[in-house]
Structures are given as C-alpha cells and as structure tokens.
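Colleague: Could you take a close look at the sheet in this model and at what packs around it? Please go through it in one connected account.

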Amino acid sequence: TPAIKEAMGASDRLILEAADLQDEQKTLGLFEKMGRSPGLPPLEKRVPDGEKAALSKAMADGGTNSQLLSGYESWAAAMLLSAASQQGLGVSQSDGVEPVLIETYKKAKKPIGGLETVERQFAAFDTLPESAQSALLVQTVHEAKGMKALYDRILTAWSKGDMEAIAKEDKVGEQPDPMVEEAILVARNRDWVKAIEPMKGRPFIAVGAGHLTGRENLIELLKAQGYTITRVQ
C-alpha cells in the first residue's frame, strides 16, 4: 500500500526477526542439527493417550507419518507437522512477507539485518523441557483440525490490520502453554527491545504479528522504554 511503500522508501535498511533466514541451506542445516536427537521415543508416546488418534489423523492429513517425524524432538516435529498441515492452503512461500521484503530491499541495494539469529530462534524451542514441547505438539495437532478456517480468520484480520481479532484468536482457541509463550514470544520480545534500542537512522523493522499483541508485546515494551509508537496504517 502507499503508506507501507512510503515507510519502506524512507528507511535506510531492513531489519527482520533473523537476517540469516535468507540463507535457506544454513537454516535447514541448523534445524536438522538442533531438531534431531538419537533414541527418541515414537511421536505417539509423547502425547497423552487421548491425543494419539488426533495426532495420527493430523499426520495422515498432512501427508506425513510417525516414522518420518519420530527422529525429531517434539518441538521440531510440531513445526514440521504444522508445515504439512498448511500444504493444502494454496499459499506460496515465495509470496510471503519476508521473501517479498528481502527482494525489495535487495533491489534497492539497502542492507538487511536481524534482531536475532536463526540459531537463537530455534534455541527458544530447543531449550524447552519435554513437557512444554509435548504441549506445543498437542496444540499443533488441535490447530491442524481447523487449519483452513484458522488461517482464513488470521489472514483476514492481518489484511485489515485488526490486532484485536488476532489477539482474540489466542483467547478463543487453544491457550498457549505459559512456558512456551514465555520462551517463544515474551523472552524474545524483551531481547528484541535491547537490539532495537541502540539502532540509529531509519530501520524498517518487520516481525510476525503475534509479537505485536498479547502479554509483554513488542509495542508495549518499546513504549515502556519511552518510545513513541505511531500507527501508519
């Protein structure tokens, strides 16, 4: 939109959650290194008995299976299962926000940086205790049941910039495990504020909408540090 293009044009660089996400080979290598462990139990044994059937269905619907996923730690298996569940949504990864922004800034010959590394991003999940990883896996299974409807609701809200509707999804749907929420959202938000504070010039900072709502979101934390936040769209 004109407002966003103007903000991008006036900026001197792009700051993503993690700059090295551009390097797919490095990202996949880190995921395999951090997400796999020897001697893991089958995935079905990592969820409560009442969730086993739903897990099996989610895997089958996503075109994957326990044999493929059981070599991964529960957090990594949850990510892969979520990706598999999204296969039928008809969305294109290359048209996602980050690839489009990266391409735009590369063409403009403006530098691209990050608030953290991919390794730090994965570590937020990798350091979770197994109980929290199991909760994340169960949450992913539940979301897989209504993935199309959930995606449509969030996409509609995101397209309108309706942060209240995005925040409501957390309250209406599966409540995130407090330990998972702390590790993958809140703690990272705090770290990002520390990364943003020393920045000079006019960076265009792009992060996932989930970081802009909820407890200790990035906007609230920046305001607490004395920043003035003005919504442009």
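Modeller: Two strands are taken to pair if DSSP finds at least two bridges between them. The model is a predicted one. On that footing, there is an open sheet of 3 strands, in the order 2-1-3, and the pairing is parallel. Strand 2 (112-116) and strand 3 (203-205) are the edge strands, each pairing on one side only. From one strand to the next, the twist averages 35 degrees.

Strand 1 covers residues 13-18, and its parallel pairing with strand 3 runs over 3 bridges. With strand 2, strand 1 also pairs in the parallel sense, here over 4 bridges. Ile-15 can be used to locate both pairings: this residue stands opposite Gly-113 in strand 2, and it stands opposite Ile-205 in strand 3.

Next come the helices on the sheet. Helix 11 (residues 178-196) packs on the sheet and touches strand 1, strand 2 and strand 3. The direction of helix 11 makes about 135 degrees with that of strand 2. Helix 6, made of residues 97-107, lies across strand 1, strand 2 and strand 3 as well. Relative to strand 1, helix 6 runs at about 150 degrees. As for cover, strand 2 is mostly covered, with 4 of its 5 residues buried.

After strand 3, the loop between that strand and helix 12 (218-224) contains Thr-213. The relative accessible area of Thr-213 is 14%, so this residue is buried, the cut-off being under 20%. Leaving aside residues up to four places away in sequence, Thr-213 touches Met-163, Ile-166 and Ala-167.

One helix pair can be added to the account. Helix 5 (residues 74-85) and helix 8 (residues 130-145) pack with their axes 8 Å apart, at an angle of about 10 degrees. Helix 5 is therefore roughly parallel to helix 8, as angles under 35 degrees count as such. On the helix 5 side, the contact is made by Ser-74, Trp-75, Ala-77, Ala-78, Leu-81, Ser-82 and Ser-85. Helix 8 contributes Glu-130, Gln-133, Ser-134, Leu-136, Leu-137, Thr-140, Val-141 and Ala-144. Sorted by class, the residues in this contact are 8 nonpolar, 6 polar and 1 charged.

How values were computed: Residues numbered from 1 in each chain as written. Predicted model: local features only at pLDDT ≥ 70, side-chain atom pairs only at ≥ 80, totals over all residues. Heavy atoms only, no water. Helix = DSSP H or I, 4+ residues; strand = E, 2+ residues; numbered from the N terminus. Axes fitted to C-alpha atoms, helices over the stretch in contact; angles between N-to-C directions. Contact = heavy atoms within 4.5 Å. Parallel < 35°, antiparallel > 145°, perpendicular 65-115°, else oblique. Nonpolar A, V, L, I, M, F, W, Y, C, P; charged D, E, K, R; others polar. Buried < 20%, exposed > 50% of the residue type's maximum accessible area, 1.4 Å probe, protein only.
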